[in-house]
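User: I am new to this structure and would like a close look at a single part. Please take me through one residue and its setting, and then through what lies around the ligand.

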Amino acid sequence: MEVLFHADALPPDPYDVSMIIETDRLVLRPYSTSDAEDVHAYGSDPEVCRTADFGPNTWEETVAFLASVTDPANSAIDLAITLAGRVVGGISARPGDEGRYELGWVMRRDLWDQGYATEAARALVAHVLTLDGVTTISARCRPDNPASARVMEKAGLRFVTRIERDREVRGEWVDSLLYEMDVNPVGGVPA
Ligand SMILES: CC(C)(COP(=O)(O)OP(=O)(O)OC[C@H]1O[C@@H](n2cnc3c(N)ncnc32)[C@H](O)[C@@H]1OP(=O)(O)O)[C@@H](O)C(=O)NCCC(=O)NCCS
């Protein structure tokens, strides 16, 4: 895996939208408003969205999503997962209180179960571990989403607890499984 930064003279800014991460098969890069068709292909797929907190998106919602993630005021790390030049998914790390970062991911359905989300998640975890002040990397999924839970485990996160009625998704309160990785104060994973 190789982490590249356009502004390579300086330490990476966690919110640097010019960030690009290369893995063996994927390039994770900032979204562009011209990604709408590719993003809409999975963001409007009911089966992809069944276990996600968003969607299925209308075209307008896809355009609004791209406007939010390309907004310079966006405080999260939001990256398009690209394969052979096409956007095939997305991954994010959202900063919270006290050095917490919460991860999220989505992949186009025809590419599931080929290790792509794991490859992207491992790369983003490795990047977040380089940021100052990180204490915890977390992720959560619906209890009926074993694929996402498995990605969390393979990225080095461990099951913590089930949170009852964690979020309201499409008008319904849903439970979450919370996974975390504790990070020591100077960065890196505790021994
Ligand atoms: C979650 C998601 C991103 C995973 O993407 P992916 O590229 O298929 O993930 P990977 O191939 O890296 O890993 C999937 C793992 O889950 C496993 N898996 C898939 N379906 C499973 C099931 N029903 N039960 C148990 N394990 C399952 C796969 O076998 C694989 O594990 P393995 O490598 O140990 O065999 C993808 O399923 C998706 O986009 N889902 C819809 C959106 C979503 O739920 N996002 C997450 C919200 S928390």
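Analyst: In this predicted model, Leu124 has its place in helix H4. With 25 other C-beta atoms within 10 Å, where 20 or more are required, Leu124 counts as buried. Once its neighbours within four places in sequence are left aside, the residues in contact with Leu124 are Leu28, Ile91, Ala93 and Leu103. For one of these, Leu103, the distance can be given as well: it is 21 residues away from Leu124 along the chain, and the C-alpha atoms of the two are separated by 8.6 Å.

Helix H4, which spans 116–128, also takes part in the shell around the ligand, where H4, strand E6 (100–107) and helix H5 (146–154) each supply at least two residues. That shell holds 20 residues, of which Ala117, Thr118, Cys141, Pro146 and Arg150 come nearest to the ligand. By kind, the shell divides into twelve nonpolar, six polar and two charged residues.

The largest share of the shell, five residues, comes from H5, and this helix therefore deserves a look of its own. Its buried residues are Ser148, Val151 and Met152. These three lie on the same side of H5, because they cover an arc of only 100° around the axis. In general, an α-helix has 3.6 residues a turn, so residues three or four places apart point the same way. What covers the buried residues of H5 includes E6 and H4, together with strand E7 (136–141) and strand E9 (172–182). After H5 comes Gly156, whose phi is positive, near 100°.

Methods: Residues numbered from 1 in each chain as written. Predicted model: local features only at pLDDT ≥ 70, side-chain atom pairs only at ≥ 80, totals over all residues. Near = placed C-beta within 6 Å. Helix = DSSP H or I, 4+ residues; strand = E, 2+ residues; numbered from the N terminus. Nonpolar A, V, L, I, M, F, W, Y, C, P; charged D, E, K, R; others polar. Buried ≥ 20, exposed ≤ 12 C-beta atoms within 10 Å, placed from the backbone. Arc of directions from axis to C-beta. Contact = placed C-beta atoms within 7 Å.
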